[in-house]
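Please open the structure in your viewer and keep the sequence beside it, since this tour moves from one selection to the next and says what is found at each stop.

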Amino acid sequence: MNMVSKIAKPPVAPSVGALLAEARLARGYSLDDVAETTGLTVAEVAALENDADFDASRIRRTASVLGILEKICDAPR
């Protein structure tokens with residue numbers, strides 16, 4: 001075994017988008033469900049989940065609807 005293989009790799013934290021998508025799926029919500037509840041478009045919700053949109057107010061609104069606002073606010077940046 002070489003030295004490189006003995007180095008512990010830190011766990012990779014999921015992205016904000018991944019957390020939103022995971023929470024949505026865990027609750028059985030469709031993109032349409034979240035869009036309707038948040039007042040966003042399906043495209044906007046999808047962009048958040050794909051880490052293509054970093055608008056803080058949209059992230060907070062979506063995280064709040066999904067019940068993970070505290071988890072998102074505590075996520076490393």
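## First stop: helix α5

Begin by selecting helix α5, where I59, T62 and A63 are buried. These residues span an arc of only 100° around the axis, which places them on the same side of α5. Bear in mind from here on that this is a predicted model.

Now show the surroundings of that helix as well: the buried residues of α5 pack against α2, α3, α4 and α6, the last of these covering residues 69–73. If you follow the chain just past the end of α5, you come to G67, which takes a positive phi of about 75°.

Stay a moment longer and pick out T62, which has its place in helix α5. Is T62 buried or exposed? T62 counts as buried because its relative accessibility is 2%, and the cut-off for that word is under 20% relative accessible area. Once neighbours within four places in sequence are set aside, the residues in contact with T62 are L20, V34, T38, L40 and L48.

## Stepping back to the whole chain

Zoom out until the whole protein is in view, and colour it by secondary structure. There are 6 helices and 0 strands, and reading along the sequence gives the pattern α-α-α-α-α-α. The protein has 77 residues, of which 27% count as buried. Turn on the surface, and what you see amounts to about 5200 Å² exposed by the protein, with carbon and sulfur atoms supplying 57% of it. If you draw the contacts with a separation of 6 or more, 55% of them are accounted for by residues 24 or more positions apart.

## Helix α4 and its cover

Next select helix α4, residues 42–49, in which V45, L48 and E49 are buried. They too lie on the same side of their helix, since they cover an arc of only 100° around the axis of α4. Among the elements that cover these buried residues are α2 (16–26), α3 (31–38) and α5 (56–65). Just after α4 comes D51, with a positive phi of about 55°.

Within this helix, select V45 by itself and display what surrounds it. Not counting residues up to four places away in sequence, V45 touches L31, V34, A35, T38 and L40.

Then move to E49, which also lies in helix α4. E49 is buried, with a relative accessible area of 14%. Which residues is E49 in contact with, leaving aside its neighbours within four places in sequence? They are G17, A18, L20, A21, R24 and L31. You can check one of these pairs with a distance tool: E49 and L31 are 18 residues apart along the chain, and their C-alpha atoms are separated by 9.8 Å.

## Where α3 meets α4

Keep α4 on screen and add α3, then turn the view until both axes can be followed. The two axes come within 8 Å and cross at roughly 110°, which makes α3 roughly perpendicular to α4. On the α3 side of this meeting select L31, D32, V34, A35 and T38, and on the α4 side select V42, V45, A46 and E49.

## Helix α2

Now select α2, in which G17, L19, L20, A21, A23 and R24 are buried. The buried residues of this helix pack against α3, α4, α5 and α6. Just beyond the helix, G28 takes a positive phi of about 75°.

One residue here deserves a separate selection, namely R24, which has its place in helix α2. R24 is buried, its relative accessible area being 10%. Apart from neighbours within four places in sequence, R24 is in contact with Y29, S30, L31, V34, E49 and L66.

## Last stop: the nonpolar core

In soluble globular proteins, nonpolar side chains tend to be buried together. To see such a grouping here, select L20, V45, L48, A63, L66, I68 and I72, which are the residues with the most contacts inside the largest nonpolar core, a set of 13 residues. Helices α2, α3, α4 and α5 each supply at least two residues of this core, and α2 gives the most, with 3 residues.

Notes: Residues numbered from 1 in each chain as written. Predicted model: local features only at pLDDT ≥ 70, side-chain atom pairs only at ≥ 80, totals over all residues. Heavy atoms only, no water. Buried < 20%, exposed > 50% of the residue type's maximum accessible area, 1.4 Å probe, protein only. Helix = DSSP H or I, 4+ residues; strand = E, 2+ residues; numbered from the N terminus. Arc of directions from axis to C-beta. Contact = heavy atoms within 4.5 Å. Core = buried A, V, L, I, M, F, W, Y, C linked by side-chain atoms within 4.5 Å. Areas by Shrake-Rupley, 256 points an atom, 1.4 Å probe, with all protein chains shown as cover. Axes fitted to C-alpha atoms, helices over the stretch in contact; angles between N-to-C directions. Parallel < 35°, antiparallel > 145°, perpendicular 65-115°, else oblique.
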